[in-house]
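Student: I should like to learn how the terms used for a structure are justified. May we go through them in turn?

Tutor: Certainly; let us look at the structure together.

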Amino acid sequence: MRVIEPWVADPLQRFLAESSARLVLLTTSSGQVVAQHGFTRALDVMSAAALGAAIMASTDELGRLTASGASRALSHQGPSRGLFLSGFDLPQGRWIGLVVYDRDSSLGLVRLFFDRLVGELKGLAPQETPAREVLASDFENELNASLRSLFGR
Amino acid sequence: MNADLIGSLEQITRVVGVRGAMVVSADEGLVVAESSMEGIEGAAVAALTAGVVSRLARATEAAGRTPPAFVHLQADEGSLLAVPAGEELLVVAVTDPAVNVGLVRLELRRMAEHLA
């Protein structure tokens, strides 16, 4: 498990132990990675983060169009693995959780413990820091720093 | 269909000492229908029971035995009983400690046979 925000580590570790999830990715709504578990390649993390953010943005918009509100969670069941995608709000903004599980877990267990993870994160999240202007050079530096933190390189 | 399920579950919750009963999807661990689950977190019971039954089935399979036809998890303050209904569903009851387990098991199996 690798985390960018240290206060995420303990709740995420508990979630992993209790849910038996195989892969977990926490990102901001724009796809910036906050924590990951189980991914071995940076490219996979970045692709999954971007796709997860895009799916949540699409379903949120679809929810607005159909007046059913912003989506809370999506699940997809494959032949051997399932995928759970959920958005939640913190003082830092909207975050997204992407969880992949197999026969050692189930959608019910992932949902149950993900809700508890979100509750713990809400309790531990530092108050929002003032937004600052994002410069291209900062973005690249932060991306490289995040990749180093997530993959130890 | 849901009214039928609720009606069948109420047959189980009529047994003295049964605090609640539910039908759970075995693979996903989600609640399909539930009855009289006051004070019980139904979604959590469904998810955790399906997880336990699934692991027990895999353990018995590894030991060369057939999957369990009845699971009785006994705790200090009550019991959790589960009967598979085919491959896709579980019928689950949450009971007080002093319940007549044989009677509850009979009702669970009746419902499981009806669903299978």
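Tutor: We begin with a hairpin: S4(B) and S5(B) form one with three residues between them. In its turn, B:Gly86 has a positive phi of about 70°. Please keep in mind that this is a predicted model.

Student: What makes S4(B) and S5(B) a pair of strands?

Tutor: Two strands pair if DSSP finds at least two bridges between them. Strand S4 (residues 78-85) of chain B and S5(B) are joined by seven bridges, and they run antiparallel; the requirement is therefore met. Among the partners, B:Ala82 stands opposite B:Val92, and B:Pro84 is bridged to B:Leu90.

Student: Which other strand is joined to S5(B) by seven bridges?

Tutor: Strand S1 (residues 18-25) of chain B is joined to S5(B) in this way, and the two run antiparallel. One of the bridges links B:Val18 with B:Thr95 in S5(B).

Student: How do we know that S3 of chain B pairs with S4(B)?

Tutor: Strand S3 (residues 71-75) of chain B and S4(B) share five bridges in the antiparallel sense, whereas at least two are needed for a pair. B:Val71 has B:Ala82 in S4(B) as its bridge partner. A hairpin through two residues joins S3(B) to S4(B).

Student: Why is S4(B) described as largely enclosed?

Tutor: S4(B) is largely enclosed by the rest of the structure because seven of its eight residues are buried. Strand S5 (residues 89-95) of chain B is mostly covered, with six of its seven residues buried.

Student: Why is B:Ser79 called buried?

Tutor: B:Ser79 has a relative accessibility of 7%. The term buried applies under 20%, so B:Ser79 counts as buried. This residue lies in strand S4 of chain B. Leaving aside neighbours within four places in sequence, its contacts include B:Leu73, B:Gln74, B:Ala93 and B:Val94.

Student: What makes the link between B:Ser79 and B:His72 a polar contact?

Tutor: The side chains of B:Ser79 and B:His72 are joined at 3.0 Å. The cut-off for such a pair of N or O atoms is within 3.5 Å, and the polar contact of B:Ser79 with B:His72 satisfies it.

Student: Turning to the two chains, how much area do chain A and chain B bury between them?

Tutor: They bury about 900 Å², of which 54% is on carbon and sulfur atoms. A:Arg103, A:Leu109 and A:Leu112 supply 41% of the area that chain A buries against chain B, more than any other three residues. The contact takes eleven residues from chain A and twelve residues from chain B.

Student: Why is the meeting of B:Arg58 and A:Asp104 called a salt bridge?

Tutor: Their side chains meet at 2.7 Å, N to O. The limit for a salt bridge is within 4 Å, so B:Arg58 and A:Asp104 qualify. Across the interface of chain A and chain B, the rule finds two salt bridges. On the side of chain A that touches chain B, four residues are nonpolar, three polar and four charged. The count of residue pairs in polar contact between the chains is six.

Technical notes
Residues are numbered from 1 along each chain as its sequence is written. Chains are lettered from A and ligands numbered from 1 in the order in which they are written. This is a predicted model: local features need pLDDT of at least 70, side-chain atom pairs count only at pLDDT 80 or more; totals for chains, interfaces and linings use all residues. Side-chain values use heavy atoms; hydrogens and water are left out. Contact means heavy atoms within 4.5 Å. Buried area is the accessible area (1.4 Å probe) that two parts lose on being put together, summed over both. A polar contact is a pair of N or O atoms within 3.5 Å; within protein, one must be able to donate a hydrogen and the other to accept it, and residues adjacent in sequence count only if both atoms are side-chain atoms. Ala, Val, Leu, Ile, Met, Phe, Trp, Tyr, Cys and Pro count as nonpolar, Asp, Glu, Lys and Arg as charged, and the others, Gly among them, as polar. Buried means under 20% relative accessible area, exposed over 50%, partly exposed in between (1.4 Å probe, protein chains only). Helices (H or I, at least four residues) and strands (E, at least two) are DSSP runs, numbered from the N terminus.
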